[in-house]
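Hi there,

Here is the structure I promised to pass on. Please have a look, and read my notes underneath when you have a moment.

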Amino acid sequence: MKKATRLAYGETLVKLKEHKDLVVLDADLSAATKTDMFAEVAPEKFFNMGIAEGDMIGTAAGLALGGKRPFASSFAIFETGRAYEQIRNAVAYQKLNVTIAATHAGVTVGEDGGSHQAIEDIALMRVIPYMTIINPADDLETEAAIETILEHEGPVYLRLGRLAVERVHEMKEPFVIGKGETLMSGNAGTIIATGLMVQEALTAAKQLKEQGVELRVLNFSTIKPLDQELVLQAAKETPWIITAEEHSIIGGLGSAVSEFLSENQPTKVVKIGVQDQFGQSGDPELLKEHYGLNARHIVEKVIELNG
């Protein structure tokens, strides 16, 4: 079954519409972010702020100060770019319970082109104190993450995608912020993946297992705080680590893993992601191939590492 995490976002908000503190804001993109689904069933709890992302975040901060649990929604490129100052000063500085729900992240935005493909958003959010970053792998994990976020104290960056992706999980399980997940076991090497790259990592690992190479595959849906214990265990038990993300190799998951290991367990880390360049217009699957964000590229890296 394939479903975009942005669609799961809209569907989950509808399921949670009776939550007494939940409110949803959007910057005039509700048909794309799927918050229009919530607006239909709970119009009194939905606010279309127009094309004014800074105003939306500021309003969300005010709602949070009043005891509400706002989910402020827009495309990742606009929300982290246009509203960065408000996210930093109005939300994070005060440790407010605001969720920045950013859809259309990464190059799989596709035909909208490089100007609309956020490949630096995780880096921008990582450097903000107190910010939690969640990048779900599939629809079930998205739903579970939103349920957890509603009870979480502090700001959250929830990164969602446009492209429909296969399920990684057979059923919805409780989402624990700051905990990674072991999807495949092995000691020949470790792949730490996030978002839609989890599916690509699993595909690569299954292909390699048929060749006798048993890899460890970890799903890191929480990028901040990083599951340091699971990273450290992988570094001690396997010879190398590959990180895989639909994001720049600068400042994202790969950087977080490398920064931690450089001080605690120096380990060979190879980062798979966008190589310090912008995206471009094109079919999402072709763009994944062009930027090396697929199972084939992961397999090639593993063969190269195993020499």
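Below are my notes on the sheets and the helices that lie across one of them.

This is a predicted model, in which local features need pLDDT of at least 70, side-chain atom pairs count only at pLDDT 80 or more, and totals for chains, interfaces and linings use all residues. Residues are numbered from 1 along each chain as its sequence is written, and side-chain values use heavy atoms, with hydrogens and water left out.

One open sheet has seven strands in the order S3-S2-S4-S5-S7-S6-S12, with mixed pairing. (Strands are DSSP runs of E with at least two residues, helices are runs of H or I with at least four, both numbered from the N terminus; two strands pair if DSSP finds at least two bridges between them.) S3 (46-48) and S12 (222-224) are the edge strands, each with a single partner, so one side of each has no neighbour in the sheet. Inside this sheet, S6 (132-134) and S7 (156-159) run parallel, joined by three bridges; threonine 132 has valine 156 of S7 as its bridge partner.

The other open sheet has five strands, ordered S9-S11-S10-S13-S14, and its pairing is also mixed. S13 (240-248) pairs with S14 in the parallel sense over six bridges, and alanine 244 is bridged to isoleucine 272 in S14.

Two helices lie across strands of this sheet. H9 (197-209) lies across S9, S10, S11, S13 and S14, at about 40° to S9 (axes are lines fitted to C-alpha atoms, for helices over the stretch in contact, with angles from 0 to 180 degrees between N-to-C directions; contact means heavy atoms within 4.5 Å). H13 (295-305) lies across S10, S13 and S14, running at about 150° to S13.

Best wishes
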